[in-house]
Structures are given as C-alpha cells and as structure tokens.
Amino acid sequence: MKKLLSLTLAALMAVSMLSGCSNGSDNSSTAQNSGEEPTGTITLKVAHNMDFVTIPDAVLAAGERLNEKYAAEGKDLKIEFETDYARIDWGEYSNNLIFAQKNGEGPDIFSVSDLSSLVEAGMMLDISDLMTDDFVEGIYTPYIVDGKAYAMPFDLPVRVIYYNKAALKEIGWTDEQIEALPTQMANGEFTWEQFLDLCKEVQDKGAATWGLTHRPGAGSDFLDVFRTLGGEYYNDEGKLVFDSEGLQRFFQEIYDNANTTKITPQNLTQTTWDTINTMVGDGTAFAYYGPLYSATYVAGAVDKTPEQFAEDVGFAVFPVSEYNDTPFCIAAPQGMGINATTQYPEICKDLFRELYSGDSIDQLAHHADTIFTLSSVKAANEMEDIKTNPILEKVGYMADLSVTPPNVDGLTTYNNELYKQIQLLELGQTTPEQAVADMKTQIEINLDADLVEYK
C-alpha cells in the first residue's frame, strides 16, 4: 500500500553510533563551538528509531535546501549526513544514545524518547528559541523540562476513536447519521456512555463480532478512556498523580466491558497487533481507540488503500461523559533533539528552522500525509498533501480539540502497572477494588514518593 512506510532495519545503535559520529570527526576547517563560522564540508550524524523514517528524511531534505541557499549566498559550506536508522525498543534506543554520548560519540540530531533521562545525561541542547508561533499551540509541551524546550515536534499525532461505518449502516443508520457522528461527539451531543451503548447494540444485532477493542500491550492509549471518565494522571505542575477514585471507575469499566456487557474480548491482551489490526480493518471489531497513524497498519493488514479505508472507517474524538464535560483528543508528537555537545549547534538549529519556517515545510506536510497525522506546523496543515489526504481531510478540526500532556516522570512505570491490572481484569482474575490497591502498592515500591501525588 502506497501509504505504508518501509521499515528500515539497522544494527544496534550502540555499535553504529561508535563508528564515525560527527562529534568525533569532520572535514570543516572550524567548528561553530569555536565561535567562528564553519567552512568547507561538515558531516552531521542523524539517528532515528522505529518506523517513520520520513521524520529524519525531512532533516536530510532540509539539508539539501540549505546547501542550495549557502551556494546562492556564496558561502563555502556544505552539509553532509551520516544516518543511523534503527528499529529497536525505545528504552534500548535511549540507553544506547546515552552510552554513545558518554564515549563522546553521540549523534548530532536524533529522535527523542525518555526525555528526562536524556536531559539528565547532558545530551539535550536547549532549543527554546525555536518555540515560535509557526507551531500549533502547546505542541512543544512534552519536550519541556524545567521551562526549557529540548526537542522539536515534527507532527501532531492524535489518538482517536475508530468506528466502522458499514456496521452502523447494517443496524439501520442513514449515511447522514453516520457522517454526523464525529461532529456530535466533538460538540457534546453524543456522550461516551451513549457510544458504549452503541458498541453493545452493534454487537447484539450481529453487525460486528466485538463492540470495542484496544491495543494489545502497555501504552498511553488507555489513559484516554481514563481521562474520559474524569481520571487524572498528572497535575498542573506535570507531576504524576495516582487518582484512586478515577482508577476505580476506569477499572470497573474495563472489567464490565470484558465480563458483563462483553463488548471486549476477555483475551484481547493475549493477542497480537496483526490480529487486532485485522479485526479493526475488516469490521470484526466495530470500534477501537488508538493513534490515528495506526490507520496505516490497520489498512495494510486488510490490503485496503487509504481511500478504501476512509470509506469504511470513521474517526472521532473522545466525547463528554458523566465525569468529563470536555471533548478531546490527546496529541503525542514525535520529535528530534540536538546534541548539547555537537560542534554545529547553529547549523542544526538552522535545519529545524528550515523545516518549520523555510522552504522545507512541505517535508513536514509529506511526513504527516504519509503516516496519517496532522502536522505540528500550522502552515503544513494548510498544504495540499494534508488537505487532500482521504483520512486527514476530515479530521483537521481535531487540532483545535487536541491536548498535549507534559513530560511526566514515572509515567512509563505507571502505564506498565496499569496494563498488568487491565490484563487481570479482562480475564476476570481480579476485581476493580483489588486492582486499585495492587497498582498503588506497585507504584509505591517502584517510584520514589516525591514523584507521585496520591489522591
């Protein structure tokens, strides 16, 4: 399928990063950290992890544009790149970055995960001066530590609710009703409780085998339902919150969905991504919640083009509920940072500026179009690539309803413990009350007390 990205497999980062990074060698006569303008050919090392290689490729394209501008200005300066694209666990990737940095071999520009650890390791350059009005409001939030921005967001991936249009047609909905559903969920006319009832109705009437599905592993997707139910997992200062009352409601719903209304398979956490993607893509499951960019995988699992997939599946934000009066979607931008020890900090910043305010904005639009996400940059969202994308053309309003949570220390541990309880609840092996108590015990054991606010 034309929208699916090719997956680039690479050797482990710890090995490749230690073999010729630009922090250790270059061909220029001077380096920017000397206070002088560099000349000649310089080499920047760009490291990236996971599937979406259109992120680092945008940096490379921006480099080509900058080289053209340098030549037009008569500058004796040319940027070349070494690339290191991997597809490994994010924790392993971050550890390899830190290991390479300690050996003086860290990359100049790299994809960012576990920001706090990278900041603590001294890897991250403060790029607060790049926070301009060119970006969607609040999109930098996850990359701010102690008031400073340490990475540039390259996109605005929102987490949404998928629903199968054919299933609604089968139970008697008109085309007009089906197309109106996202608007009703966005403006408060159709609630979360009504949506769960709809999932049950579709299943009971045989239009889908399952009413509601979710990811098969730990992740922040579950926090969207938690938030819909009025749960709180961080406070105004960005500190992790253990909200016992909110967790009780959330765990009760997880338990009921699998064991009472049975709209969710009891063994869903025991299945694979391929299975779930196929269930969502072929209509076995009526609804699913997760990132909009997962549509690339879902469509691919059932060999549908983006146009066919957009015809079959609709997308909506999380609606109001009995406990929450604000429709929303969570944005989880992917970003890249600059090494605090790079020899060329200003050139690296110029590459980023070229992407969000120069001639290379189209590269961010292309990235967004390719992976089915909105862009972090306002101007990119107005470009043809996004405006004519069969999926994105209908979800532009979601940028206005998006919430971008801060960088929360301890959230990975919290999500892992949350998922352990979800597994047990869906299998009927624990109760919501016990799940709250057990999760609290594990959080107290695994996280320092000063990292968590208990309520």
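Modeller: Before distances are read, a term is needed: the bounds of a domain come from an automatic or database domain assignment. The model discussed here is predicted.

Biologist: Into which domains is the chain divided?

Modeller: The division gives domain 1 (37-153 + 334-399) and domain 2 (158-331 + 408-454). Their C-alpha centres lie 30 Å apart.

Biologist: How is the meeting of domain 1 and domain 2 to be read, and what area is buried between them?

Modeller: The size of an interface is often given as the accessible area lost when the parts come together. Here about 1400 Å² is buried between domain 1 and domain 2, and carbon and sulfur atoms give 71% of that area. On the side of domain 1, Phe372, Ile391 and Met398 supply 40% of the area buried against domain 2, more than any other three residues. In terms of contacts, 14 residues of domain 1 meet 20 residues of domain 2.

Biologist: How many residues of the side of domain 1 that touches domain 2 are nonpolar, polar or charged?

Modeller: That side divides into nine nonpolar, three polar and two charged residues. Between the two domains, the count is one salt bridge. Two residue pairs are in polar contact across the interface of domain 1 and domain 2.

Biologist: Which side chains meet in a salt bridge at 3.9 Å, N to O?

Modeller: Those of Lys394 and Glu179 do.

Biologist: Turning to the interior, which residues have the most contacts inside the largest nonpolar core?

Modeller: They are Met152 and Phe315, in a core of 67 residues. Both domain 1 and domain 2 give this core at least three residues each. A second, separate core has 53 residues, including Ile171, Phe195, Leu418 and Ile422.

Biologist: Beyond its neighbours within four places in sequence, with which residues is Met152 in contact?

Modeller: Among them are Ile127, Phe135, Tyr140, Phe352 and Leu364.

Technical notes. Residues are numbered from 1 along each chain as its sequence is written. This is a predicted model: local features need pLDDT of at least 70, side-chain atom pairs count only at pLDDT 80 or more; totals for chains, interfaces and linings use all residues. Side-chain values use heavy atoms; hydrogens and water are left out. A nonpolar core is a set of buried Ala, Val, Leu, Ile, Met, Phe, Trp, Tyr and Cys residues joined through side-chain atoms within 4.5 Å. Buried means under 20% relative accessible area, exposed over 50%, partly exposed in between (1.4 Å probe, protein chains only). Contact means heavy atoms within 4.5 Å. Buried area is the accessible area (1.4 Å probe) that two parts lose on being put together, summed over both. A salt bridge is a side-chain nitrogen of Lys or Arg within 4 Å of a carboxyl oxygen of Asp or Glu. A polar contact is a pair of N or O atoms within 3.5 Å; within protein, one must be able to donate a hydrogen and the other to accept it, and residues adjacent in sequence count only if both atoms are side-chain atoms. Ala, Val, Leu, Ile, Met, Phe, Trp, Tyr, Cys and Pro count as nonpolar, Asp, Glu, Lys and Arg as charged, and the others, Gly among them, as polar.
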